[in-house]
Amino acid sequence: MSGVQVPQTPVLEVEDLRVRFQRRGEPATLAVDGVSFAVAPGETVGLVGESGCGKSVTSLATMGLLPKRGVQVSGSVRLDGQELLGAGDRTLRRLRGKDMAMVFQDPLSSLNPTVTIGVQVTEVLAAHRGMKGDAARTEAVDLLDRVGIPDPRRRLGEYPHQLSGGMRQRALIAMALACSPRLLIADEPTTALDVTIQAQILELLRDLVQGSGTALVMITHDLGVVAGLCDRVHVMYAGRIIETAERRDLFARPRHPYTGGLLHSVPRLDSGRGTPLTPIRGSARDTIPWAQGCAFAPRCDVAEDDCLVEVSGSEVELVPDGGTRELRCRHPLTPATQTAGAPS
Amino acid sequence: MLRFIVRRLLQLIPILLGLSILLFAWLRALPGGPALAALGERATPQRIAEYNEAFGLNEPVYVQYLKFLGRAVQLDFGTSARTGQSVTSEFFLRFPGTIELTLFAMAFAIGVGIPLGYLAAKKHGGFVDNASVIGSLLGVTIPVFFLAYLLRLVFAVELGWLPGSGRQDVRIDATHITNFYVLDGLLTREWDAAWDALTHLVLPGVALGTIPLAIIVRITRAAVLDVVNEDYVRTANAKGLATTTVRNRHVVRNALLPVSTTIGLQTGLLLSGAVLTETVFAFGGVGSALRQAISDRDYALLQGFILILAVVYVLVNLLVDVSYGLLDPRVRTR
């Protein structure tokens, strides 16, 4: 997919999505602040950022899985052109599991401990494909087999705690793919797994998505995952997208200082032993509201006075930055600074 | 699983031995000994000597204990001083009543408690929630005998809606096979007898079920609040399952794990005799027999009943542990 851009109707269109959490007696927090992106059929899009940047909330809002109380969602989320925000519970339940599915972070806690794997797979088939009894069981065996679970017939009668971590995640992927969804959202699907298993799961996801035309949204903080899987990457910070680029572009020429920082804080095999990593200063808590300026400015090495609204008089906007790239930065990295701080 | 059950049954042995020693010692330690207790304070020394001779009370204590133990394992606990019947047959005459009462009370507590607890959790912070929390607090704090009297006064004495004493109307000529009166009525097709026995269970059953009800409401509510935030419930919703499937298979099923433990423990407690409630309603179960035995100084009956009830209590707990394994597969394989 990468490289050639064929104009296609996107499977998922998210436009100006805002999610506000309001708890009694506490100031409201804007977890997602005007996020827009689209995913074409067969395309894999990465949402990347630190914990708390709003990437998981974006995915939950897309699926309509956020709690109703104390949460305001606005903007637009369209699946194959159908508006999901404001759609009724019944409509969403018909779409979830069938047209859009999700794989979660922690496979053990994401599976019901008291229900067999078989039932947890077949219940999706029963809900959306009307399959019951032997037909459903045969299909479940097929699905488990497809995601690489050995001896699938026996696994049907087993409980989640009897499976290994990687096996559980495979089972969850099987459930998500049971109805060949148009959209699959994977929320940090490899975080809770061993490194060797991580690679296997990513490979599995890539194989399953490839050719089937399923649009995949990969939510991760792990740039290794992005490098191996995604066509396009959206880097999020403090609830907003700060840089969007094709994967190759992003890795070769990061433009936002935050993206650059992320890349430089990844350990590399080709750097000499003893070369210190270059972390990003501070933590995700050291932000300022976007209304006051660039939220990353307090942690940014190249920030200038005009990164603040009180100096420049306007907010930092996400603007086109050559090709299909978009950038929210007034002082982007240049070829000269793109490797600054990087291990040489 | 079988090994687990056998191990638990073996654990029963030291418990019963300890309990029997306590009971035995207690009976010997009575002022004047069992003879005086049985014959009354004005018994002549000669009668006491005869009594001691007849019951082997002159033998060394350990011999007496071993003999007692030997008879006890054959379910022979002597005869009741009041009725002259064997303690064991007294027990089997009385226990069915207590079982019926317990089942009714627990059915009431579970049938009302679990839906109410679920509803309270669903409407967390709402009216139903607050009302159930306050109500369950009241439920556990009201003394049972007070509630029993109140219920009897209002619904039996004043309104006359329900019978307020006994297990069955004496005017009904019912055939008794098993001594489970409701069951007997059904078996013999004496529908009026079964219905009458059932109405006799209502007031004592509600009084007795109040504390378990309150506890079940609270535990269900807390468990559901826990479970609805679990990742696997989110997964179930992400799969687009119907709300009823999510509720029954994914929320309630897991929330019932802690509730089942409570239900088991409370059932065990109720089975071992609701002395106060049975007394208020003159209900012919184990509890009222115990009270009667205390005031009659019927020590053989007390001793026998307490030992049997201890066995029942431990067995019910074993049943709870076994059923927990059935409900939670994680326990089963350990």
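Chain A of this predicted model carries an open sheet of 8 strands with mixed pairing, and the strands come in the order β6-β7-β8-β3-β9-β10-β12-β11. If you want to find the ends of that sheet, look for β6 (100-103) and β11 (319-320) of chain A, since those are the edge strands and each pairs on one side only. Further in, β3 (residues 44-48) and β9 (residues 232-237) of chain A run parallel and are joined by 4 bridges. One spot to click on there is A:V45, which stands opposite A:R232 in β9(A).

A helix goes over this sheet too. Helix α1 (residues 55-63) of chain A lies across β3, β6, β7 (183-187), β8 (215-220) and β9 of chain A. Against β7(A), helix α1 of chain A runs at about 145°.

**The other sheet in chain A**

Chain A also has an open sheet of 4 strands, ordered β2-β1-β4-β5, and here the pairing is antiparallel. β2 (29-39) and β5 (82-83) of chain A have a single partner strand each, so one side of each is left without a neighbour in the sheet.

Walking across from the β2 edge, β1(A) and β2(A) run antiparallel and are joined by 8 bridges. β1 (residues 12-21) and β4 (residues 71-79) of chain A also pair in the antiparallel sense, over 8 bridges. From β4(A) to β5(A) there are 2 bridges, and those strands run antiparallel.

You can check the register residue by residue. A:F21 is a handy landmark: its bridge partner in β2(A) is A:T29, and in β4(A) it stands opposite A:V71. Moving along the β1-β4 pairing, A:R18 has A:S74 of β4(A) as its bridge partner, and A:V14 has A:V77 of β4(A). Over on β5(A), A:E83 stands opposite A:R78. The hairpin of β4(A) and β5(A) has 2 residues between the strands, and in it A:D80 takes a positive phi near 50°.

**Helix packing in chain B**

Over in chain B, helix α14 (residues 299-327) has two packing partners worth a look. Two packed helices are described by the angle between their axes and the distance between the axes. Here are the values for both pairs:

| Helix pair | Angle | Axis distance |
|---|---|---|
| α11 (residues 243-271) and α14 of chain B | about 165° | 9 Å |
| α5 (residues 87-122) and α14 of chain B | about 60° | 9 Å |

Take α11(B) and α14(B). At about 165°, the angle makes α11(B) roughly antiparallel to α14(B). The crossing of α11(B) past α14(B) is right-handed. From α11(B), the contact uses B:L256, B:L257, B:S260, B:T261, B:G264, B:L265, B:T267, B:G268 and B:L271. From α14(B) come B:V312, B:Y313, B:V316, B:N317, B:L319, B:V320, B:S323, B:Y324 and B:L327. Sorted by type, the residues of this contact are 11 nonpolar, 7 polar and no charged.

Now α5(B) against α14(B). With an angle of about 60°, α5(B) and α14(B) are therefore oblique to each other. α5(B) passes α14(B) in a right-handed crossing. On the α5(B) side the contact is made by B:V87, B:T88, B:E90 and B:F91, and on the α14(B) side by B:A300, B:L301, B:G304, B:F305 and B:I308. That contact comes out as 6 nonpolar, 2 polar and 1 charged.

**Where the chains meet**

The contact between the chains takes 21 residues from chain B and 27 residues from chain A. On the side of chain B that touches chain A, the elements giving two or more residues are α10 (231-238), α11 and α15 (329-332) of chain B. α10(B) gives the largest share of that side, at 6 residues. By type, the chain B side divides into 6 nonpolar, 7 polar and 8 charged.

**How far to trust chain A**

Chain A averages a pLDDT of 87, with 96% of the residues scoring at least 70. The stretch to be careful with is residues 340-344 of chain A, where pLDDT stays under 50. For residues 340-344 of chain A, the model has 6 contacts beyond four places in sequence. Where pLDDT is low, the predicted coordinates should not be read in detail.

Technical notes
Residues numbered from 1 in each chain as written. Chains lettered and ligands numbered in written order. Predicted model: local features only at pLDDT ≥ 70, side-chain atom pairs only at ≥ 80, totals over all residues. Pairing = 2+ DSSP bridges. Contact = placed C-beta atoms within 7 Å. Axes fitted to C-alpha atoms, helices over the stretch in contact; angles between N-to-C directions. Parallel < 35°, antiparallel > 145°, perpendicular 65-115°, else oblique. Left-handed = near helix turned anticlockwise from the far one by under 90°. Nonpolar A, V, L, I, M, F, W, Y, C, P; charged D, E, K, R; others polar. pLDDT = per-residue confidence, 0-100.
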